[in-house]
Amino acid sequence: MKKSAPRILVARIWHESNGFNPQPTSAADFQISEGDELLTAAATSGSTLAGIIQQLSKEQVDILPSLSVVAPPSGLVDHAFFLKVKERLISDAIALKPDAIALELHGAMGTTLVEDAEGDLLAGLRAAVGEKVPIGVGLDLHAHVTDAMLAAVDICIACKENPHSDVIECGEKVAAYLLAMLNGSLRPVTAMAKIPMILPGAAETATGPLREIHDQARVATKECPAIWDVSLFNVFRYADDEDIGQAAVVLTNDAGSKGELVAETLARAFWEKRARFADDLLSIDEALDTVAAANSHRPFVLADMGDRVLAGAPGDSTAILEASLRRRDGLRGAIPITDPHAVDIAFEAGVGNIVSCAVGGRITPGFGSLPITGKVIHLSSGDFTLAGPFQGGEPSSMGRTAVVEIDNRLLIVLTAKAAFSHDPAVFTSQGIELASRDFFVVKSGYHFKLNFGAAATPLLVRTPGVGYYTKGSLCYRKARFWPEHDTVAPAVNVRIFDRAAS
């Protein structure tokens with residue numbers, strides 16, 4: 001008798017939650033799709049879910065779509081909405097009775113009531129489907145990976161690059177490893193080692209100490225065939241949770257002791273190299289001076305590091321705008337600012353009319369609004385499609401959006417929602433061509449380099465806000481880690497997860 005095709009449930013629940021952003025993330029902030037719409041939209045996007053679907057599509061597999069729920073990083077997720085999403089995923093799993101489950105999660109989602117949202121989600125899912133259904137998850141490498149997550153799943157791996165150029169590959173691995181479990185060629189045993197520290201800087205994987213540690217991980221994988229994956233989690237710095245730390249997670253084929261040794265070695269490498277994890281950022285004036293002096297390298301892209309929406313900040317800083325207005329060198333810039341109130345004023349005025357209002361500074365603690373006068377030159381719904389490659393093809397929304405021109409040179413992109421501003425489509429969707437500006441401001445520290453590519457010159461700028469860590473700048477209630485807290489030669493905590501043996 002011919003064996004029936006495996007039935008694999010797929011879903012995505014993706015959010016990175018900044019516990020220092022005072023504004024909760026509501027249902028209205030998420031892009032939600034389900035069923036065939038999920039398969040169509042995600043299959044060609046620059047996401048881990050796309051990699052899962054593409055890999056499964058190559059095999060004789062029956063793909064069972066559940067739902068996709070995605071929002072830009074922001075404040076803690078409304079708990080009632082999280083419960084609805086959790087209940088929907090679990091009800092689909094119970095009703096469809098899949099042979100395995102493949103998920104894209106971020107790994108640093110928290111709700112207004114639960115700190116480890118993914119751990120809670122996965123524990124509930126495991127309880128619903130029982131112990132025998134394989135569950136695989138692909139995470140962001142900035143996940144706060146927890147015992148609860150690893151205890152509930154069989155496969156837990158992350159992308160390896162920052163900026164995240166390999167998210168599709170991560171999804172492909174999740175799917176392939178689940179199929180290997182189903183055909184009996186993989187018996188997963190996972191080792192995790194953690195050390196209580198965060199990375200104050202140097203978070204890109206192509207250079208510096210992170211490159212060296214990833215090279216160590218690649219060597220270990222090559223030398224030991226029983227090691228199927230090594231994921232290095234550079235924990236999200238804005239989650240005020242217990243057990244924060246750099247994590248090395250090693251997936252083996254029934255070789256937990258080998259995974260344990262590699263995981264511990266890699267975790268210790270973070271501590272040994274800790275003094276080198278530092279950024280070299282420009283001040284706002286230094287960045288603008290660079291733009292003014294280097295005409296041949298324009299346009300520039302200025303990363304507003306303190307107000308990074310891609311780190312969960314609100315995106316409402318006016319610091320770079322204020323500095324730009326003080327200058328008399330005629331620099332032409334485009335600057336996004338989250339401010340639904342100012343958007344309402346611009347819409348009421350209409351295109352072609354002058355508005356005088358205060359913008360920004362209404363959400364982030366300690367910020368203030370900045371009075372401006374300018375002409376409304378563009379109004380839209382704010383819906384657009386990310387150009388990629390990171391998240392390319394994904395639908396996104398800034399909410400109602402107004403472009404206000406100041407002094408015939410500065411374009412303020414006022415958005416009702418915090419936007420995925422790492423992507424040039426944020427600007428081009430509003431009629432702002434890259435060649436028309438000397439500089440663009442993005443609320444991103446890394447991924448903008450991938451998506452703007454050779455079209456612009458990147459500059460990292462030191463700015464205020466809850467999207468960039470400096471010692472003493474944020475008030476941690478639960479998390480204890482270096483360099484925020486005094487830590488001398490901390491012990492490496494190594495744990496083994498062997499679900500088949502339990």
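The radius of gyration of the chain is 23 Å, which agrees with the value near 23 Å that a compact globule of 502 residues would have. This is a predicted model, and its C-alpha atoms fill a box of roughly 75 × 50 × 40 Å when the principal axes are used for the edges. Of the 502 residues, 61% count as buried, while the accessible surface of the chain comes to about 18,600 Å², with 52% of that area belonging to carbon and sulfur atoms.

The chain holds 13 helices and 20 strands. Among contacts between residues at least 6 apart in sequence, 75% join residues that are at least 24 apart. The chain carries 45 positive and 60 negative charges, and the mean positions of these two sets lie 2 Å apart.

**Cysteines**

A disulfide is a covalent bond between the sulfur atoms of two cysteines. In this chain the count of disulfides comes to zero. For C159, the closest cysteine sulfur is that of C170, and the distance of 6.0 Å is too far for a bond, given that the sulfur atoms of a disulfide have to be within 2.5 Å. C159 is buried, with a relative accessible area of 1%, and C357 is also buried, with a relative accessible area of 12%.

**Backbone exceptions**

Most residues other than glycine have a negative phi, and most peptide bonds are trans. Against that background, two cis peptide bonds and two residues with positive phi can be listed with their backbone angles.

| Site | Feature | Angle |
|---|---|---|
| R298 and P299 | cis peptide bond | omega about 0° |
| G388 and P389 | cis peptide bond | omega about 15° |
| Q391 | positive phi | phi near 65° |
| N408 | positive phi | phi near 60° |

These sites can be placed along the chain by the elements that flank them. P299, joined to R298 by a cis peptide bond, is in the loop between helix α9 (284-293) and strand β10 (300-304). P389, which follows G388 through the other cis bond listed here, is found in the loop between β14 (383-385) and β15 (395-397), and the loop between β14 and β15 also contains Q391. N408 has its place in the loop between β16 (401-406) and β17 (410-415).

Are the two residues with positive phi buried or exposed? Q391 has 7% relative accessibility and therefore counts as buried, the cut-off being under 20%, whereas N408, with a relative accessible area of 67%, is exposed, since that value is over 50%.

Note on methods: Residues numbered from 1 in each chain as written. Predicted model: local features only at pLDDT ≥ 70, side-chain atom pairs only at ≥ 80, totals over all residues. Heavy atoms only, no water. Helix = DSSP H or I, 4+ residues; strand = E, 2+ residues; numbered from the N terminus. Rg over C-alpha atoms; globule rule 2.2 N^0.38 Å. Buried < 20%, exposed > 50% of the residue type's maximum accessible area, 1.4 Å probe, protein only. Contact = heavy atoms within 4.5 Å. Areas by Shrake-Rupley, 256 points an atom, 1.4 Å probe, with all protein chains shown as cover. Lys, Arg positive; Asp, Glu negative; His and termini not counted. Charge placed at Lys NZ, Arg CZ, Asp CG, Glu CD.
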